[in-house]
Amino acid sequence: MPCGAVTGKTTELATKPLKEDELEDSSAPLIEHLAELRTRIMWSMAAFIAAMILCYTVWQPIYNILTQPICAALEARGQSCQLQIIKLQEGFFTAINISFFGGFALSFPIIAFQLWRFVAPGLYRSEKAAFLPFLLASPIMFAIGATFAYYVILPMAYDFFLSFQQAPVVATTKEVTTTDSVAGIAFQGSMQEYLSLTIKFILAFGLSFQLPVLLTLMGKAGLVSSSGLGAARRYAIVGILVLAAVATPPDVISQVVLFSVIYALYEVSIQLIRRIEKRREAEMRANGTWVEDEEEEQA
């Protein structure tokens, strides 16, 4: 057998284990990432379950806080604040809903931290510095939106809803006094239905206040620009009007308030993105990598 053939076969046999080792080494990071993801999910679930159990033990004080807007609106009309349990299991499921909602709110910082710990190793230092402020601003803006809904929107909304009540009209004759003329309309709200409506309002406004965080992050990534958002301002106004009409009761005051707040957040987002663009332009000019647009060169 020629020497070259033996050498070639020996070389082929020697390279096969190396290729298999390379494949095993390349699969190791994927397994490590999956193990890391499992660990972060387990910590997040543990934090959520612990917070949910904690909120279940104090669900009644939390419920009393959530019922303050409707109680204040009823008190202003001289009515007692009392909600009904329509179904036998309604009280239990109300406590579970409060525990779920409160548990997520309490555990969100831990869940966000676990998400950050999973994503951060794959980011450059500059990307970490850019992403971390948005991660911190998100729960703050949600809390501001939820607080705004609780103290401003909910009182107006419930005052509007209760305005459809009607006192019975008493028909008086010389012989007898009756109430058969007009039937009265009184609020006898369901405990679970009230809680569901209140949580929807709080979540809707909390998520609406994420608009500056989302748009600014997209601007930081170069997905949107301040000029593009400014050009789309008329479409944004229409979209915000539709959102205000859907998310609030059909009274002009609450719709105007919601429209004004979200549109102001939209304009704030444009200004924040413009500042990011100016800072990026200054850095690129300093590095000599800035390229003038054709319109700027013609001007």
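# Exercises on a predicted helical model

Ile70 touches Cys81, Tyr158, Leu162, Phe187 and Tyr194, leaving aside residues up to four places away in sequence. The model is predicted. Keep Ile70 in view for the first exercise.

## Exercise 1. The core around Ile70

Find which residues touch the most other members of the largest nonpolar core, and which elements supply that core.

**Solution.**

Step 1. The largest nonpolar core holds 36 residues. Ile70 and Phe205 touch the most other members.

Step 2. Now list the suppliers. Two or more residues come from each of helix H2 (59-66), H3, helix H4 (90-119), helix H5 (125-162), helix H6 (191-208), helix H9 (233-247) and helix H10 (252-287).

Step 3. H5 gives the most, with 11 residues.

Step 4. Another core lies apart from this one. It has 6 residues, among them Leu229, Ala236, Tyr266 and Ile270.

## Exercise 2. Helix H3 and the disulfide

Locate the disulfide and state which parts of the chain it ties together.

**Solution.**

Step 1. Search the whole structure. It contains 1 disulfide.

Step 2. Identify the pair. Cys71 and Cys81 form the disulfide, with their sulfur atoms 2.0 Å apart. The angle about the S-S bond is -60°, and the link is left-handed.

Step 3. Place both ends. Cys71 lies in helix H3 and Cys81 in the loop between H3 and H4, so the pair ties together parts that are 10 residues apart in sequence.

Step 4. Check burial, using the cut-off of under 20% relative accessible area. Cys71 counts as buried because its relative accessibility is 18%. Cys81 has a relative accessible area of 35%, so Cys81 is partly exposed.

Step 5. Look at the rest of the helix. H3 spans residues 68-76, and Pro69, Ile70, Cys71, Ala73 and Leu74 are buried there. Gly78 follows H3 and has a positive phi, near 75°.

## Exercise 3. The setting of Thr94

Is Thr94 buried or exposed? Describe what Thr94 touches as well.

**Solution.**

Step 1. Thr94 sits in helix H4. Its relative accessibility is 0%, so Thr94 counts as buried.

Step 2. Name the contacts. Leaving out residues up to four places away in sequence, Thr94 touches Tyr63, Met191, Gln192 and Leu195.

Step 3. Follow the side chain. It reaches the backbone oxygen of Glu90 at 2.7 Å.

Step 4. Compare sequence with space. Thr94 and Trp59 are 35 residues apart in sequence, yet their C-alpha atoms are 8.8 Å apart.

## Exercise 4. The annotated spans and the whole chain

Set the UniProt transmembrane annotation beside the secondary structure of the model.

**Solution.**

Step 1. Read the record. The unreviewed UniProt entry lists "transmembrane region" at residues 41-59, 98-119, 131-153, 197-219, 231-247 and 253-273.

Step 2. Take residues 41-59. This span is 95% helix and 0% strand, and its end C-alpha atoms lie 26 Å apart.

Step 3. Take residues 253-273. Here the chain is 100% helix and 0% strand, with 30 Å between the end C-alpha atoms.

Step 4. Step back to the fold. The chain has 11 helices and 2 strands. From the N terminus, the elements run α-α-α-α-α-β-β-α-α-α-α-α-α.

Step 5. Finish with the totals. Of 299 residues, 28% count as buried. The accessible surface is about 19700 Å², and 66% of it belongs to carbon and sulfur atoms. Among contacts between residues at least 6 apart in sequence, 76% join residues at least 24 apart.

How values were computed:
Residues are numbered from 1 along each chain as its sequence is written. This is a predicted model: local features need pLDDT of at least 70, side-chain atom pairs count only at pLDDT 80 or more; totals for chains, interfaces and linings use all residues. Side-chain values use heavy atoms; hydrogens and water are left out. UniProt positions are given in the numbering used here, feature names are shortened, and annotations may be inferred rather than shown by experiment. Helices (H or I, at least four residues) and strands (E, at least two) are DSSP runs, numbered from the N terminus. Buried means under 20% relative accessible area, exposed over 50%, partly exposed in between (1.4 Å probe, protein chains only). A nonpolar core is a set of buried Ala, Val, Leu, Ile, Met, Phe, Trp, Tyr and Cys residues joined through side-chain atoms within 4.5 Å. Contact means heavy atoms within 4.5 Å. Accessible areas come from the Shrake-Rupley method with a 1.4 Å probe; for residues, only the protein chains shown count as cover. A polar contact is a pair of N or O atoms within 3.5 Å; within protein, one must be able to donate a hydrogen and the other to accept it, and residues adjacent in sequence count only if both atoms are side-chain atoms. A disulfide is a pair of cysteine sulfur atoms within 2.5 Å.
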